[in-house]
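Hi everyone, thanks for making the time. I have a structure to walk you through today, so let me put it up on the screen.

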Amino acid sequence: MSPSKELKPFPPVRRQLIVFDFDWSLADQDSDRWVLEVLAPKLRQKMKDLKKDVQWTDLVAMTLKDLHELGGTREQIEEALRIMPFHPAMVRSVSALKARGKTAFFCLSNANIIYITTILKAKGLDDLFDEIVTNPAEWDASGLLKLRRRIDPSGPQHACQVGCSPNMCKGDELDAFLKKHQPDFDRVIYVGDGANDFCPVLRMRKQDVVFCRRYRGLYNLIKEYEEEGRLHPRVEYWTGAWEVEALLDQL
Ligand SMILES: [Mg+2]
Ligand SMILES: [Zn+2]
């Protein structure tokens, strides 16, 4: 497939990093909401009602406890995750990019490690990521999924002023990853959609690229900055995963 006429070619690089947000970026749904939409619509409504008052990770942990008390099982949650929308073009394009060799893969997500690894396994993408940074979670013997914030609320908190959720500053996490994987990558590509992806995008360089999903939180924040020339990285917009595929094929 040839790239669209308007697409400016990406310069060749020897070594690059691709960072994926998970919900609505790599996956074509929001895993926290989806599980309740499949298994317990009343808890999905509760989540919506409490969203403004309870920190998101705490709220997901709370509704998982509710679900467990109502008899929701580990098997049901795992099955709901396996059937969550995930575009075949995304599976195809990340697999092809991985196979070409020169790209490191990093997942940076406010979901949780159980949801992400269960879904990746269902898509045959177990080995895609070199590292996944997200909220910790584990099944207990009774089948309850115990979820915690990445940053413990009782310890020191991050100092981010951009608007990251208390459980994690994605900009700090990206900086920490880059520091750990020296030398600097020739290019960093960030695939994201949410308001919480804005902080890392603000820290990216001129040679980096953002693949921003249209009409969601990140898009609303980025547009003004980009129009005013206040963003360092290049931005390419997409709506469906088939458009990400066309972009990834050019990297
Ligand atoms: Mg997202
Ligand atoms: Zn931040």
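Before I start, one term: when I say that two residues touch, I mean that their C-beta atoms, placed from the backbone, lie within 7 Å. And please keep in mind that this is a predicted model.

Let's begin with the sheet. It is an open sheet of 6 strands in the order S3-S2-S1-S6-S7-S8, and the pairing is parallel. Strands S3 and S8 (234-238) stand at the edges, each with a single partner strand, so one side of each has no neighbour in the sheet. On average, neighbouring strands are turned by 15° against each other, direction ignored.

Now some of the pairings. Strand S2, residues 103-112, pairs with S3 in the parallel sense over 4 bridges, and in that pairing leucine 108 has valine 133 of S3 as its bridge partner. There is also a helix on this sheet: H11, residues 241-248, packs on it and touches S6, S7 and S8. The direction of H11 makes about 145° with that of S8.

Let me move along to S6, residues 187-192. How many of its residues are buried? The count is 6 of 6, so to speak a strand that is mostly covered. In a regular strand, the side chains alternate between the two faces of the sheet. Here, Arg187, Ile189 and Val191 point one way, while Val188, Tyr190 and Gly192 point the other way, and all are buried.

S6 has a partner on either hand. With strand S1, residues 16-20, S6 pairs in the parallel sense over 5 bridges, and there glutamine 16 is bridged to arginine 187. With strand S7, residues 209-213, S6 shares 4 bridges, and these two strands also run parallel. In that pairing, isoleucine 189 stands opposite valine 209 of S7.

That brings me to the annotated residues. Which residues does the "active site" annotation cover? According to the UniProt record, an unreviewed entry, they are Asp21 and Asp23. Do remember that such annotations may be inferred rather than shown by experiment.

Aspartate 21 is found in the loop between S1 and helix H1 (22-26). With 24 other C-beta atoms within 10 Å, aspartate 21 counts as buried, because the cut-off is 20 or more. Leaving out residues up to four places away in sequence, aspartate 21 touches Leu108, Ser109, Val191, Gly192, Asp193, Gly194 and Asp197. You have already met some of these names: Leu108 as the bridge partner of valine 133, and Val191 and Gly192 as residues of S6 that point opposite ways.

Aspartate 23 lies in helix H1. It is buried too, with 21 other C-beta atoms within 10 Å. With the same sequence neighbours left out, aspartate 23 touches Gln29, Asp30, Ser31, Ser109 and Ala111. Ser109 appears in the list for aspartate 21 and in the one for aspartate 23.

Tryptophan 24 lies in helix H1 as well. Tryptophan 24 has a positive phi of about 65° although it is not a glycine. Is it buried, partly exposed or exposed? Tryptophan 24 has 18 other C-beta atoms within 10 Å, so it comes out as partly exposed.

A second residue to look at for its backbone is tyrosine 215, in the loop between S7 and helix H10 (217-227). Its phi is near 70°, again a positive value in a residue other than glycine. Tyrosine 215 is exposed, with 10 other C-beta atoms within 10 Å. And there is a cis peptide bond between glutamine 182 and proline 183, with omega about 0°. Proline 183 is found in the loop between helix H8 (170-180) and S6.

Last stop, helix H4, residues 56-69. At 1.5 Å a residue, its 14 residues should span 20 Å, and the end C-alpha atoms are indeed 20 Å apart, which agrees. The buried residues of H4 are Thr57, Val60, Ala61, Thr63, Leu64 and Leu67. They cover an arc of only 170° around the axis, so they sit on the same side of H4. These buried residues pack against helix H2 (31-39), helix H3 (41-50), strand S3 (131-135) and strand S5 (145-147). Just after H4, glycine 71 takes a positive phi of about 100°.

Over to you for questions.

Technical notes: Residues numbered from 1 in each chain as written. Chains lettered and ligands numbered in written order. Predicted model: local features only at pLDDT ≥ 70, side-chain atom pairs only at ≥ 80, totals over all residues. Expected span 1.5 Å × (residues − 1). Buried ≥ 20, exposed ≤ 12 C-beta atoms within 10 Å, placed from the backbone. Arc of directions from axis to C-beta. Pairing = 2+ DSSP bridges. Axes fitted to C-alpha atoms, helices over the stretch in contact; angles between N-to-C directions.
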